[in-house]
Amino acid sequence: MNYVQAVEAPERNIGQIKIYDPAEAFAGMAAAGKIAAGCLDMLAKEAAEGVTTGRLDDLARQYVFDHGATPACVFYRGYRHTLCTSLNHVVCHGIPGDRVLRSGDILNMDVTVIVDGWHGDTSRMYAIGDVPRKAQRLMDITYEAMMRGIAAIKPGATVGDIGHAIQSFAEAERTSVVREFCGHGLGRVFHDAPNILHFGKPGQGEELKPGMMFTVEPMLNLGSPAVKVLNDGWTAVTKDKSLSSQYEHSVGVTEDGVQIFTLSPAGIDQPHKLAG
Ligand code: MF3
Ligand code: CO
Ligand code: CO
């Protein structure tokens with residue numbers, strides 16, 4: 001795997017890691033990330049008992065357009081929605097619809113927006129009504145695992161260092177790491193090289209360089225890590241129907257560390273901790 005200057009590369013996944021000029025790219029990524037994160041902030045007030053996931057998707061689409069952005073998932077590989085809404089044992093890519101939220105549900109909402117060609121991709125967990133303690137704990141661990149992965153990011157570190165930070169923490173806390181889905185390069189391309197695995201060994205994999213931009217988006221399960229995709233072609237669920245949880249940030253590698261593009265403007269980075 002080698003590297004290419006993003007300005008000289010075609011605007012698609014060519015299997016090489018794009019190096020962006022931070023002075024040119026990071027402001028655009030921060031603007032896109034802010035709208036994506038603001039959308040998840042807005043949804044924190046709306047995700048409640050009695051509301052359908054389809055209604056939340058409608059609100060998200062409206063928010064994105066009202067802020068001059070485009071929902072990246074609409075028409076992406078045949079997908080039709082602004083959000084993925086992944087409930088309980090759904091690992092990721094849950095499709096919004098007429099499912100009514102009930103007390104005890106845990107919900108991941110994942111949104112990707114495009115602003116001036118830049119992608120902002122982020123997801124958070126939401127607790128509906130009274131959620132069992134084991135589910136709260138899973139969501140706490142997932143957020144902490146993501147942040148530990150992000151904390152490992154700096155020039156000279158590797159993709160394996162990120163995966164190791166996530167996996168070692170998640171497994172020490174008796175949760176399992178989903179293998180089939182990973183983080184990804186992003187910038188002008190939605191799903192780009194490299195793959196950011198959420199498991200791995202220190203020092204292995206591609207070296208991180210300033211100007212790389214990608215997501216960190218671990219999915220952790222209470223039971224086995226095994227997943228399967230339902231017949232709709234999208235919805236990924238745990239094979240053993242155990243609870244699953246995910247958090248996602250979009251980040252860029254700086255000269256001395258990392259910048260998170262999708263921090264919550266309202267300070268609601270962990271909506272699952274809100275009573276409700
Ligand atoms: N936002 C998801 C990710 O984190 C991708 C969703 S693709 C879709 O990469 F088509 F399902 F929306
Ligand atoms: Co996402
Ligand atoms: Co992503």
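Which residue is the bridge partner of Val 227 in β14? The bridge partner there is Thr 238.

## Basis of the model

This is a predicted model, in which local features need pLDDT of at least 70, side-chain atom pairs count only at pLDDT 80 or more, and totals for chains, interfaces and linings use all residues. Residues are numbered from 1 along each chain as its sequence is written, chains are lettered from A and ligands numbered from 1 in the order in which they are written, and side-chain values use heavy atoms, with hydrogens and water left out.

## The sheet with β13 and β14

Val 227 belongs to an open sheet of 3 strands, β5-β14-β13, with antiparallel pairing. Strands are DSSP runs of E with at least two residues, helices are runs of H or I with at least four, and both are numbered from the N terminus. Two strands pair if DSSP finds at least two bridges between them. Strands of a sheet pair through backbone hydrogen bonds, either parallel or antiparallel.

β13 and β14 (residues 236–238) run antiparallel and are joined by 3 bridges. The edges are β5 (90–92) and β13 (227–229). Each has a single partner strand, so one side of each lacks a neighbour in the sheet. From one strand to the next, the twist averages 40°.

## The sheet with β12 and β15

Another open sheet has 3 strands in the order β8-β12-β15, again with antiparallel pairing. Its edge strands are β8 (176–177) and β15, and each pairs on one side only. β12 (residues 219–221) and β15 pair over 3 bridges. Asn 221 has Ser 244 as its bridge partner in β15.

## Cobalt ion, ligand 2

Asp 110 (OD, listed twice), Asp 121 (OD) and Glu 248 (OE) coordinate the cobalt ion (ligand 2) at 2.1 to 2.4 Å. Donors are N, O and S atoms within 2.8 Å of the metal (3.2 Å for Na, K and Ca); water is not among the atoms, so sites may look incomplete. The donor residues follow the spacing D-x10-D-x126-E.

Why is the arrangement around ligand 2 irregular? Its 6 donor atoms subtend angles of 58 to 169°, which makes the arrangement irregular. Four donors count as tetrahedral if all angles lie between 85 and 135 degrees; four count as square planar and six as octahedral if opposite donors are over 155 degrees apart and all others between 65 and 115; anything else is irregular.

## Cobalt ion, ligand 3

The cobalt ion (ligand 3) takes its protein donors from Asp 121 (OD), His 184 (NE2), Glu 217 (OE) and Glu 248 (OE), at 2.1 to 2.2 Å. This site is irregular too, with angles of 51 to 158° among 6 donor atoms. The sequence spacing is D-x62-H-x32-E-x30-E. His 184 lies in strand β9 (residues 183–185) and Glu 248 in the loop between β15 and β16, so this pair ties together parts 64 residues apart in sequence.

The two cobalt ions, ligands 2 and 3, are 3.3 Å apart, and Asp 121 coordinates both. Asp 121 sits in strand β7 (residues 118–127). Glu 248 is 127 residues away, in the loop between β15 (244–246) and β16 (249–253).

## Helix packing

Helices α1 (residues 22–46) and α2 (residues 53–66) pack at about 140°, with axes 10 Å apart. Axes are lines fitted to C-alpha atoms, for helices over the stretch in contact, and angles run from 0 to 180 degrees between N-to-C directions. Among the contact residues (heavy atoms within 4.5 Å) are Ile 35, Met 42 and Leu 43 of α1, and Leu 56, Leu 59 and Tyr 63 of α2.

## Backbone details

The peptide bond from Ala 193 to Pro 194 is cis, with omega near 0°. Pro 194 lies in strand β10 (residues 192–196). Arg 174, in the loop between α4 (159–172) and β8, has a positive phi near 65° and is not a glycine.
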